[in-house]
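Here's a friendly walk through a protein model for someone meeting it for the first time. Take a look at the picture, then follow along one region at a time.

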Amino acid sequence: MSSSNPFSSLLGQQNITARLAILQPAADKDAPIELSLTEAAVKDTPYECISYDRSAKTAAAADNMVTVKVDGEDQAIPKQLESALRTFRRKERARTFWADMLIGLTVEERSAQANIQRHVLENAERTLCWLGPDKGESTAKAFETIHEMGRRFTEACRQVGLGPDAGLMGATMQQMDGMREQLLNCPYNDLNSFNFNLWREIYDVYGSPYWKSVQCISEIVLARAPIIVCGRSNIRWAQYIASSRAMPVYQAKFFKVPLLPHVMKGFETANEIEIAERRRRLGQSLELLPMIQTARGCEPADPREIVFSMLHIATPSGRAQFHNQGSQPLPKIDYARTPQQVFTDAARYTVLERQDLLLWSGERPPCARRLKGLPSWVPDFAAKPPYMGAVFNPNAGMRAWWDEIRPAAARKPIRVSADNAVHLQARPLDRIVHVSPIFNAGNARRLCASEFKKLPEHTSTPTSTSASASDGETLDQRTERFWRTLILNAGGTRGATATLRDNAPPPAEMGAHFQSLVAEESILKALNCTMVDLQTPRNAARLRNSPELMGLVQMCGKAARYETLLGKHAVGRRFFRTEGGRFGMTAIEDVVAADNSLAKEEKGSENERGGGRVAGPITTEEARRADMGRLMNDPIGRSMMESFQRYLNERDPAVARMAARAMRGEIPGRNEDEYVRTEDGVREGDLVVACVGGFYPYVLRPRSRQSEPGTEASKAEDSQSQPAEEREEDSATYEFVGECYLHKAMDGEDFQATGSLFRRKFFSVDVSKLVDITIV
């Protein structure tokens with residue numbers, strides 16, 4: 001807007017006003033807190049921001065609220081904010097602050113405040129990040145050590161040529177080794193390393209509950225001068241980050257034990273904030289979706305803050321320059337909206353802004369969500385996804401094929417309609433005809449062997465639309481396809497030029513370890529025993545008397561390598577077969593089986609939703625909790641279970657055998673095919689598709705499958721004689737069930753063709769096979 005336009009000055013920052021709180025002085029530290037509110041221009045008024053702990057556990061404490069005087073009236077504010085005000089109060093001069101709970105309590109006030117909060121945070125002279133009161137001299141000494149670690153790290157970076165704007169991700173291995181060598185060039189008693197009380201204070205700083213507060217992310221990223229404060233001790237943000245990079249190195253040198261989980265969590269949050277702060281400082285984009293993923297690592301009292309707090313720092317996506325749909329307006333912050341509405345707004349913005357489906361990558365499928373009432377395609381941003389190492393590179397072939405659609409006009413933009421349905425193009429790949437129970441660390445071996453035995457003797461060769469095998473597949477080739485599918489074809493050694501997101505397939509020799517596992521499980525099933533009672537005299541005699549079992553013994557003892565990969569990649573998922581003979585694995589449907597650190601969170605959500613046990617059929621989660629195999633993925637839980645197993649072996653062999661079966665996920669008197677399964681998880685009849693804008697294959701469920709018997713939809717559903725692709729090519733409405741691994745599809749093999757001259761592969765998309773679909 002031209003500066004000559006008289007209306008342009010009305011929109012400038014100099015005219016933005018905010019409600020600020022003036023903290024009245026007091027000579028007595030214990031005097032009541034008195035504040036007066038004033039409306040002032042943020043550009044012309046000197047003030048400071050207070051950032052404090054608003055995490056869920058802190059906010060839920062019974063004694064969390066205290067009363068202060070605001071304009072002569074009593075007002076309840078969090079105890080953490082009150083202790084900050086008491087510490088920052090001067091004896092003789094007033095001090096002006098901004099803090100969220102001081103100037104906005106109602107829905108209307110909070111929503112109005114949110115519209116100007118970015119400007120308020122950007123224009124504050126300082127942002128004081130309040131960790132809490134200090135513990136006197138011990139806290140002061142802890143901060144002296146933190147300052148020194150930060151100084152040493154900064155000097156080490158300078159020595160190897162890393163400037164303040166260079167992230168560690170861009171450092172070479174030589175630079176990293178040089179920094180580590182400089183930091184470790186000190187005696188073992190340096191930095192008061194034998195003063196364990198001092199180091200406990202240091203851990204309390206790095207692992208403060210403050211770092212669980214989602215609001216701290218935007219408040220530090222937007223701050224002009226953030227300062228970490230604990231009582232009377234403080235450190236500037238840049239020095240704090242430098243010290244947090246040095247501290248793990250000294251931890252390994254001095255103590256040789258891992259950092260405590262809450263300390264590691266504080267490091268992770270601070271590191272994510274530093275990356276966002278640096279990107280903003282350097283003028284790089286801060287997309288909403290990655291910032292939401294950062295916020296999910298925190299523990300907000302209000303789940304809407306996962307989105308709202310990130311809207312303050314979000315910038316347009318760089319993807320907008322690669323499509324002609326233009327940038328989208330960011331969602332509005334409105335505290336009158338429900339979490340479901342807020343998450344749907346964020347998902348809508350992300351899909352339209354990026355024109356792709358990145359928001360589904362690594363997400364919980366709908367059956368594993370905690371928040372109900374969401375459209376099937378909208379992630380539950382309030383529920384943490386299980387922590388799993390990168391398995392697939394999202395920039396591989398499933399990302400690349402839809403960029404090769406020709407003519408370009410045949411590729412339609414992704415739309416979101418007013419009824420919150422997504423409209424896009426998809427290519428049907430196959431229909432699912434068999435789904436296994438969920439794998440966990442206890443039952444993985446047993447399920448692996450049983451699913452292998454269930455494979456039809458004459459599995460049809462994958463259809464011509466699949467690149468997973470050629471005509472005349474041998475039994476050995478089918479076996480290799482199976483064992484590679486269960487471990488997501490991962491676990492090999494990456495090459496020198498590979499990235500951490502690149503998948504390295506295991507060598508063919510891994511098949512011998514798979515065969516060893518199947519042989520061991522075949523013996524256990526034939527003898528109807530477990531590893532605990534395998535070597536009893538009776539079972540040993542039965543084994544020797546069976547030539548068939550003795551033949552399997554020769555293959556045993558080599559299963560460990562494959563079992564490790566199985567426990568790493570298959571847990572929480574289901575194996576499935578398709579109508580065309582393809583193999584795949586679902587998304588993680590049991591998040592606790594995959595990441596036991598989520599067990600407490602999931603149990604808490606169950607209590608919030610339902611309270612006590614009510615009469616009626618056993619629920620899915622109750623059945624899962626009865627499966628002791630879920631605990632075996634946690635190293636501590638596994639160690640405890642194994643110790644308990646040894647105790648039972650000595651005291652009561654019969655009970656020991658029952659416990660061993662329970663750890664393998666065997667429920668007495670119930671066949672594995674009768675185990676409780678989630679109705680909303682992947683099931684027979686679902687479709688595997690590749691979507692324009694997608695990064696992986698996805699499982700969709702036709703809404704027509706819920707039609708009344710005898711209707712046209714149900715007749716089409718039952719017509720198994722037609723190929724799945726022909727049967728599902730018409731436009732239809734679907735529910736999103738989850739992403740999946742489909743063997744020999746992850747690099748876009750379904751869209752690859754081979755050149756006649758040099759036999760080079762390239763993408764060739766038959767646009768006639770793309771169908772318009774709606775996902776609700």
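Let's begin with Ile 116. Setting aside its neighbours within four places in sequence, Ile 116 is in contact with Ile 16, Thr 17 and Ala 18. You'll find Ile 116 in helix 4, which covers residues 107–123. With a relative accessible area of 24%, Ile 116 is partly exposed; buried would mean under 20%. Val 42 sits 74 residues away from Ile 116 in sequence, yet their C-alpha atoms are 9.7 Å apart in space.

Now step back for the whole view. Keep in mind that this is a predicted model. The protein chain has 776 residues, and 52% of them count as buried. It is built with 27 helices and 19 strands. If you take the contacts between residues at least 6 apart in sequence, 74% of them join residues at least 24 apart.

**A glutamine in a strand**

Next up is Gln 75, which has its place in strand 5 (residues 73–78). Is Gln 75 buried or exposed? It's buried, with a relative accessible area of 14%. A polar atom of the Gln 75 side chain lies 3.1 Å from the backbone oxygen of Met 101. Met 101 also turns up among the contacts of Gln 75 once neighbours within four places in sequence are left aside, along with Val 66, Thr 67, Val 68, Val 70, Leu 102 and Leu 105.

**A strand with partners on two sides**

Strand 15 spans residues 698–702, and 5 of its 5 residues are buried, so it is largely enclosed by the rest of the structure. Both faces are covered: Tyr 698, Leu 700 and Pro 702 are buried on one side, and Val 699 and Arg 701 are buried on the other.

Which strands pair with strand 15? One is strand 14 (residues 687–691), which runs antiparallel to strand 15 and is joined to it by 3 bridges. In that pairing, Val 689 stands opposite Tyr 698. Strands 14 and 15 make a hairpin with 6 residues between them, and Gly 693 in the turn has a positive phi of about 100°. The other is strand 16 (residues 732–742), which pairs with strand 15 over 5 bridges, again in the antiparallel sense. Here Arg 701 stands opposite Glu 735.

**A mostly covered helix**

Helix 15 takes in residues 444–454, and 9 of its 11 residues are buried. The buried set is Ala 444, Arg 445, Arg 446, Leu 447, Cys 448, Ala 449, Ser 450, Glu 451 and Phe 452. What covers them? Strand 11 (422–435), helix 16 (475–486), helix 17 (510–527), helix 20 (560–569) and strand 12 (575–578) are included in the cover.

**Empty spaces inside**

Rolling a probe the size of a water molecule over the atoms shows where empty space is left. In this model, the count comes to 4 cavities of 30 Å³ or more. The second largest cavity holds about 40 Å³ of space. Its lining is made up of Glu 287, Leu 288, Leu 289, Ser 317, Tyr 349, Thr 350, Glu 353 and Arg 354. Helix 11 (288–295) and helix 13 (339–354) are the elements that give two or more residues to that lining. Helix 13 has the largest share, with 4 residues. Sorted by class, the lining of the second largest cavity has 3 nonpolar, 2 polar and 3 charged residues.

**Some backbone details in the loops**

A couple of residues other than glycine have a positive phi. Here they are side by side.

| Residue | Phi | Where | Relative accessible area |
|---|---|---|---|
| Gln 355 | near 55° | loop between helix 13 and helix 14 | 7%, buried |
| Asn 420 | near 65° | loop between strand 10 and strand 11 | 25%, partly exposed |

There's also a cis peptide bond to look for: the one from Arg 406 to Pro 407, with omega near 0°. Pro 407 is in the loop between helix 14 (397–400) and strand 10 (415–416).

Methods: Residues are numbered from 1 along each chain as its sequence is written. This is a predicted model: local features need pLDDT of at least 70, side-chain atom pairs count only at pLDDT 80 or more; totals for chains, interfaces and linings use all residues. Side-chain values use heavy atoms; hydrogens and water are left out. On a 1 Å grid over the protein atoms alone, a cavity is a set of points where a 1.4 Å probe fits but cannot get out, and a pocket is an open set with protein on both sides within 12 Å along at least five of seven lines; lining residues have an atom within 4 Å of a point. Grid points are joined across faces, edges and corners, and a volume is the space filled by probe spheres set on the points. Ala, Val, Leu, Ile, Met, Phe, Trp, Tyr, Cys and Pro count as nonpolar, Asp, Glu, Lys and Arg as charged, and the others, Gly among them, as polar. Buried means under 20% relative accessible area, exposed over 50%, partly exposed in between (1.4 Å probe, protein chains only). Two strands pair if DSSP finds at least two bridges between them. A polar contact is a pair of N or O atoms within 3.5 Å; within protein, one must be able to donate a hydrogen and the other to accept it, and residues adjacent in sequence count only if both atoms are side-chain atoms. Contact means heavy atoms within 4.5 Å.
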